[in-house]
Amino acid sequence: MVEVYFYLPVDKVGEVVECGLKLSDWYSKEIVINGDVKKCLSALLNPKDDIEKYKSNDYKCVKLELSPNYCFAADKYLYVAGQNSPKVMEMYHDSIIPVKEYIFGSYRLPECLVTSTVIAGHISVLDKRLDSPILFDNSEDLYINNILEAYKEEHDDFIDCLLYNFLAKLAETGKVDKIEDTENKIAIFIEKGSNKGFTVKIPDFGLY
């Protein structure tokens, strides 16, 4: 069994916990999976992946316990961007895999496509204090940190590249002053107002 999370309006929680979550009433999209068009309920692998609903008084999070045979992971960000790009929508469909094959941190906003009705007895209200521990705060942070760590291992000057480009962009907008010593490959960025300075190595972009 796998555990996934789904947000319900507070006035629907009691009914759903008692009677079940009917796919035909709650599905949000129809997706081709393994060659067949399936109605899909879009659940989450981490309740904090929808932080607005997590903090809202109008919604409650329920935990669904499901057979992995009816669950598929996909990258929801690709689905959103794919509304305006057939190429990205193709990437979304390519991202769909059985949930048991998903490695946490692979997608920026993973969703769990549930392709079956969830019967009563497999639905419970999430207790944020006492329920199953969540191993990471949210999927976006994990995804971004994984990318940063991978590039840090591959490129020794990756952090300098990030800082230089970020501060250079602020300099373009006039928020900081930039002084460059190109001979020694050093850039000094000075915050306007506080006069605080940051010393950053100028990356050798010819290496990339």
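**Exercise 1. A salt bridge and its surroundings**

Which residue's side chain meets that of Glu-140 in a salt bridge? Determine also where the two partners lie and how far each is exposed.

*Solution.*

Step 1. The model under study is a predicted one. In this model, the side chain of Glu-140 forms a salt bridge with that of Arg-108, with an N to O distance of 2.7 Å.

Step 2. Next, the two residues are placed along the chain. Glu-140 belongs to helix H6 (residues 139-154), whereas Arg-108 sits in the loop between strand E6 (97-98) and E7. The pair is 32 residues apart and links distant parts of the chain.

Step 3. The exposure of each partner is then classified. Glu-140 has a relative accessibility of 25% and therefore counts as partly exposed. Arg-108, with a relative accessible area of 33%, is likewise partly exposed, because this class runs between 20% and 50%.

**Exercise 2. Salt bridges in other places**

State how many salt bridges the whole structure contains, and analyse the pair Glu-111 and Lys-29 as well as the pair Asp-177 and Lys-192.

*Solution.*

Step 1. A search of the whole structure gives 7 salt bridges.

Step 2. One of them joins Glu-111 to Lys-29, where the closest N and O atoms are 3.1 Å apart. Glu-111 is in strand E7 and Lys-29 is in strand E2 (residues 29-33), so that distant parts of the chain, 82 residues apart, are linked.

Step 3. Are these two partners buried or exposed? Glu-111 has a relative accessible area of 0% and is therefore buried. Lys-29 also counts as buried, because its relative accessibility is 7%, and the class of buried residues lies under 20%.

Step 4. The side chains of Asp-177 and Lys-192 meet in a salt bridge with an N to O distance of 3.7 Å. Here strand E9 holds Asp-177, and the loop between E10 and E11 holds Lys-192, 15 residues apart. Asp-177 is partly exposed, with a relative accessible area of 37%.

**Exercise 3. The sheet of E9, E10 and E11**

Describe the order and pairing of the strands in this sheet, then identify its edges, its hairpins and the helix that packs on it.

*Solution.*

Step 1. The sheet is open and consists of 3 strands in the order E9-E10-E11, with antiparallel pairing. Its edge strands are E9 (176-181) and E11 (197-201), each of which pairs on one side only. On average, neighbouring strands are turned by 20° against each other, direction ignored.

Step 2. Strands of a sheet pair through backbone hydrogen bonds, in either a parallel or an antiparallel manner. Strand E9 pairs with E10 (residues 186-191) over 6 bridges in the antiparallel sense. Ile-179 has Ile-188 in E10 as its bridge partner, and Val-176 stands opposite Glu-191 in E10.

Step 3. The pairing of E10 with E11 is antiparallel as well and involves 5 bridges. In this pairing, Ile-190 stands opposite Gly-197 in E11.

Step 4. Both connections are hairpins. The hairpin of E9 and E10 has 4 residues between the strands, and Lys-185 in this hairpin takes a positive phi near 55°. The hairpin of E10 and E11 has 5 residues between them, and Gly-193 in its turn has a positive phi of about 100°.

Step 5. Helix H7 (residues 158-172) packs on the sheet and touches E9, E10 and E11, while its direction makes about 130° with that of E11. Ile-159 is one of the residues of helix H7. With Leu-162 and Leu-163, Ile-159 makes a nonpolar surface patch of about 230 Å². Ile-159 counts as partly exposed because its relative accessibility is 39%.

**Exercise 4. Two loop residues**

Locate Asp-11 and Ser-116 and decide for each whether it is buried or exposed.

*Solution.*

Step 1. Asp-11 lies in the loop between strand E1 (2-9) and helix H1 (13-19). With 61% relative accessibility, Asp-11 counts as exposed, because that class begins over 50%. From Asp-11 to Ser-106 the separation is 95 residues in sequence and 34 Å in space, C-alpha to C-alpha.

Step 2. Ser-116 is found in the loop between strand E7 (110-114) and strand E8 (123-125). Its relative accessibility is 16%, so Ser-116 counts as buried.

Step 3. Which residues does Ser-116 contact, leaving aside its neighbours within four places in sequence? They are Leu-23 and Tyr-70.

Note on methods
Residues are numbered from 1 along each chain as its sequence is written. This is a predicted model: local features need pLDDT of at least 70, side-chain atom pairs count only at pLDDT 80 or more; totals for chains, interfaces and linings use all residues. Side-chain values use heavy atoms; hydrogens and water are left out. Helices (H or I, at least four residues) and strands (E, at least two) are DSSP runs, numbered from the N terminus. Buried means under 20% relative accessible area, exposed over 50%, partly exposed in between (1.4 Å probe, protein chains only). Contact means heavy atoms within 4.5 Å. Two strands pair if DSSP finds at least two bridges between them. Axes are lines fitted to C-alpha atoms, for helices over the stretch in contact, and angles run from 0 to 180 degrees between N-to-C directions. A salt bridge is a side-chain nitrogen of Lys or Arg within 4 Å of a carboxyl oxygen of Asp or Glu. Patches are made of residues with over 30% relative accessible area and no salt bridge: like charges are joined within 9 Å, nonpolar side chains (Val, Leu, Ile, Met, Phe, Trp, Tyr) within 5 Å. Accessible areas come from the Shrake-Rupley method with a 1.4 Å probe; for residues, only the protein chains shown count as cover.
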